[in-house]
Amino acid sequence: MNVSKKFNNPNPRISANLLSKLIFGWLFSLFWYGRNHDLEMKNIYNIMPDDVSELLGNKLEQNWKNEVHTAEKNGKKPKFFMALRKTFLWSFLYYGGWYLFLCTVLRVLQPYVLGLLIWHFDPRASSSPTEAYLYASGVIIAAILMAFITHHSQLGLLEIGMRMRIASSSLMYRKLLRLSKSSTTITPGQIINLLSNDMSRFDQLFIMLHYIWIMPIQGSIIAFLIWQNVGIASLAGVFLITIQTIPVQGYISKWTSKLRLKIAVKTDERIRLMSEIINGIQVIKIYTWEKPFQELVSRARKYEVDVLTLTSYLRGFTLATFVFTERTTLYFTIMAYVFTGHSISADKVFSMAQYFNILQATMAIFYPIAVASAAEAAVSIKRIESSFLQAILGELKPSHGQVHVNGRISYVSQETWLFAGSVRNNILFGQTYDKDKYQKIVQVCALTKDFKQLPYGDKTLVGDRGTALSGGQRARINLARSIYRNTDIYLFDDPLSAVDTHVGRHLFDECISDYLRDKTRILVTHQLQYLKQCDYIIILNNGQIEDEGTFAGLQENHTNFLEILARKETTTEGTEMAKVDLNPTLEATTLNSIIDAEDTEKEEPRETEELLAKGSMSRSVYWKYLRSGDSIVAIIIFFFLTIVGQIGSSGCDYWVGYWTKQEELRIKAMRKEGLMNDSFAIPSASSRQIDNKLYDELGDFSTTAMTQTNYSTDDTQNLTSVNNATKIIDRDTYYYNPDTALWIYGMFIVMSIVMTTSRNLIFYRICMNASKNLHNLMFSCLLKAPMSFFDNNPAGRILNRFSKDIGAVDESMPRAMIEAIQIFAVMIGILVQVLIINWWIIFAVIIMGFLFGMVRNVYVPTAQKLKRLEGNAKSPVFSHVNSTLSGLTTIRSAGAQEMVRKQFDEHQDLHTSIYSLSVMTGVAFGLTLDIVSICFVAVVTYSFVALNDDNTFAGNVGLAISQVLILCGMLQYGLRQMAEMITQMTSVERILQFTELEKEGPFESNPADKPSSNWPSKGEIKFDRVYLRYSESNSSVLKSLSFVIEPGMKVGIVGRTGAGKSSLISALFNMAKLDGAIYIDNVNTKKIGLHDLRNKISIIPQDPVLFSATLRENLDPFNKFNDTDLWAALKEVELKESMDSLDYCVQQGGSNFSVGQRQLVCLARAILQDNKILVLDEATANVDPKTDALVQNTIRKKFKACTVLTIAHRLNTIIDSDKVLVMNHGRAIEFDHPYILLQNNRSYFSSMVQESGKSMAERLRQHAQEVYEQQHGFT
């Protein structure tokens, strides 16, 4: 699946009618298809017009600019919140009106009507069956209205949150484009974390946010109704639930907010580390630094998880309060009611239970979530705002003076920058394709031969950061992109250093000198041979102009910098060096045919697809997740606590129902014995508001006589007769006294509180352990993956697993899982109680279960597939950001900000098209479940009315209906959370995929094959028919390579760009698929561990990599050397004077070091390792002659007795080698002393020397002869 590929699939929501929108009918076809098919991008609908990233970004950007302007005008700091408020306030308030109607009318009205219905079944009620049917219908209609308003309002608020994330991300990217590449104020890891975790806080922000202001309004109305019901006893419950929510939850939310900020900072640090490691993975593998970096990341992860665990425990406690808050509140209200001399009744208890259930939902669940979400979002907004302000500070500006530029500029960076795409797209870079112009530029940039070699010509995909190409190819494509832009001024930052002399001369003559002859060209270079053909020369030293003038003028002034060049060159060299072996006519013809063939080529290269699971999720994923968190014993304890905690919770509910039933039995018994006359019967439901007073005791249990205010004398006499008849009733039935009933009730409450809280804490402990262990396992397996994996997968794709997926496993998935478990435990308890009351309802339960199963089986496969697609669709967003950060200078110099901004918005739109569908399918699923639940409620409710035979207990009716009403909203939420858990489990699945990557290895040798500790003692290298390919599907890049390098020999490796020089080094380090054998001191390198091999070979790579750590850690991550050794190594490379301390902090990528200094640090590493074999992979290509000379002299002195392999474009650096290995198309075509090779004028090496110019060739020949004669004692 190629998530970046766009399909035009009109969104049916736009044309859907009102009914279809109301019931989400326009989604039915997607559900039906997704049930049995794997969803692909072609099945995803187009984005809705209101969700377009560019439009949302434009709107927010304008409001942010207005806010910045207003703040500057008033001398204040701009607030990002104000810009967000102006952008999204009105749409947010619209849904606030619906929520107000829902919370203050429907949710308050339903319990009141329910109370009237329950009273109908009281022995003292006088309402008719018709009234009962009306009451039942009122309960059902209220439930239906609540379902539709709730789900559609939630969808609207989720879409607002989504749009806020989209707009903020778009604005973040726009600010990023203005940031200086060298700025340290914002790191790539921080930006990735902001986009993946901080921005995601907006998605769920608005669902509960309205409850912050609705809560006091709804709370006041419900408190009044409870007061009307039970009088002053209501204060106990209202006061308790208020204390439990506002101060306690407010404090927890404040604490969570502080922890959230700490987590964000620690996550920034971990993602920054990951970003550096992924970009520098080749260096880590070559230096065998996997272990220290694994420990470094594990330590960073531990610090992050430690804070996460504390947050999770707070969340676990908060979730536990959702279970027992309402029950505890009801308990204390009933206790206060009984202690003030009243007796409980079903209508009061269960309508009050419903009221407290609503209060609990608003005050103890929605309000805390709203406050916590707002607090976390506030932290994210603050971090985003800080990043915006830092971006302004980080913009590159001259500190003094002015820069005047007349004309447009095109820039070629020293460090090549390519984005993931085809070669052609990298050259065009958003420009219109002009075939003739394109062919000419490809020709002058010496890319014709490369296009013939590449599998798809210029349509070949370059990979992330151009990993599919050689260094020289990357440099020339980088150059071609700059040349293709028609500008007035061209800036070349040393583009010739990455190519060999022959190609370099071609580029200078054909491209810079000839093709751009009418343009202003500024060439920054260390290659002094080109200076003679420059019109003007400026010599810089330490950031200042040391000298300037024409070449002749500087020579006359005896400029020191040109002394070497003056000695080496003669005035005749220019014409000689211009002679190259390229036939322009032939090349143009060849190129024409290549490009014509490619334009008509039907087969397109495919980008390596991201790992994507298919089909239903394996149950083993759940088990692996749980087992990675703790032992089986801990898991069993968790489930035991779940069961016992639910017994406590359901016991509370059942006991209240049983107690009220006892009261009804007493009243019925009294009426049967004639101890109550009709004057005790309350004629209408409205009379339930009359005060209840305790008149007498019946045995050991108090009973309540419900009287009218103006009772008669006869009634008083009847009450006396009740007292006299107490013993008659007690002979048949035993009634609990209030104290005993309250003690039993209290025990259930305590059991619920203790067990539920313990269960949640243990669960989160398991989850946090699982999250930490899965992360570390994934990272460990990633470090063991072969280099081909990193070449084929963009850094953003890998970072997505460590940011978005780990973020989901850290927070979203555990919450969804515990809520699903908690809700289903409650649901089972409710169903058991309902079945005890009316066993035949089991038939309705079976039907409901069947319908739920059907709905779930339709929804879950689609949701799971959408979640997988959504996870993959996020990767291009991160990859694009990563690529942008690497090429900021090139993007800005090319004026391509608008183009890459549009591309970012397109990536966002692609993700949004999947994410919004995921949200809408979830809401549709919840609404469907609610409709099924309401049907079940209707069956239960109407059945009590229809089958009422005057023996139906109001307590049973109240318990059953109140429980199934709770079930109504809870069940759909529980199933949605279960579905959410399943979809979030895709993150665990994606993490586990990375634990099953192909591995290099073995890393450690078998005891029988392990070389001795002093191996290699000589440094002999033997290649025996070596073939190397970077993947099974690719052809070999090294072909039958056989040669022997004797101990201590200095060997230069040369060849055209793409000849296989760097691949030879990859073979030596066993970095790719290898056939044949390589022997070092007669040990087959394939038979020993990679660490044993790589640790014994020192290398100074072409691209020196430093990590953001101390200088000490960059030199010696294993802490094997003392400070004296480290300082000695730095002294050898002349860096000691430049460094104040070994604890000097290296910034990301070594940005506070020059390229030369970075190479010298790498040389210091090699000196510390003191190995018998040293490899230099074009190590001095990008450094100045002084640093080059320092490196060469240090190597000659410190590695005199070592075997040294040097890959170089500058022939003068290898002309004094003992032997030269000449490579061409992956084969060794020549291998001998340079002097001997130069004796044959037709040799490949001779032609390379000749291409360097007549005088330079003569000097190289002379130097080779001197070295040869010296080595063989001829002088």
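Q: Contact means heavy atoms within 4.5 Å; which residues is K79 in contact with, leaving aside its neighbours within four places in sequence?

A: K79 is in contact with W64, E67 and E385. This is a predicted model, in which local features need pLDDT of at least 70 and side-chain atom pairs count only at pLDDT 80 or more, while totals for chains, interfaces and linings use all residues. Residues are numbered from 1 along each chain as its sequence is written, and side-chain values use heavy atoms, with hydrogens and water left out.

Q: Where does K79 lie, and what separates its C-alpha atom from that of K382?

A: K79 sits in the loop between α4 and α5 (80-120). The C-alpha atoms of K79 and K382 are 8.5 Å apart, although their positions lie 303 residues apart along the chain.

Q: What makes the reach of α4 close to the expected one?

A: Helix α4 (residues 53-74; helices are DSSP runs of H or I with at least four residues, strands runs of E with at least two, numbered from the N terminus) has 22 residues and reaches 31 Å from its first C-alpha to its last. The expected span is 1.5 Å times one less than the number of residues, which gives 32 Å here. Just after α4, G75 has a positive phi of about 70°.

Q: Why is α4 called roughly perpendicular to α6?

A: α4 and helix α6 (residues 129-176) pack at an angle of about 70°, with their axes 8 Å apart. Roughly perpendicular covers 65 to 115 degrees (under 35 is roughly parallel, over 145 roughly antiparallel, the rest oblique), so α4 is roughly perpendicular to α6. By class, their contact has 6 nonpolar, 5 polar and 5 charged residues. Among the residues of α4 that meet α6 are L56, L60 and W64.

Q: How do you know whether L84 is buried or exposed?

A: L84, in helix α5, has a relative accessible area of 3%. Buried means under 20%, exposed over 50% and partly exposed in between, with a 1.4 Å probe and protein chains only, so L84 is buried. Not counting residues up to four places away in sequence, L84 touches L60, L89, M164, S168, F202 and I381. L60 is itself one of the buried residues of α4.

Q: What makes α11 and α26 roughly parallel or antiparallel to each other?

A: Helix α11 (residues 290-339) and helix α26 (residues 738-784) pack at an angle of about 165°, with their axes 8 Å apart. The angle is over 145 degrees, and α11 and α26 are therefore roughly antiparallel. Their contact has 26 nonpolar, 15 polar and 8 charged residues.

Terms used:
Axes are lines fitted to C-alpha atoms, for helices over the stretch in contact, and angles run from 0 to 180 degrees between N-to-C directions. Ala, Val, Leu, Ile, Met, Phe, Trp, Tyr, Cys and Pro count as nonpolar, Asp, Glu, Lys and Arg as charged, and the others, Gly among them, as polar. Contact means heavy atoms within 4.5 Å.
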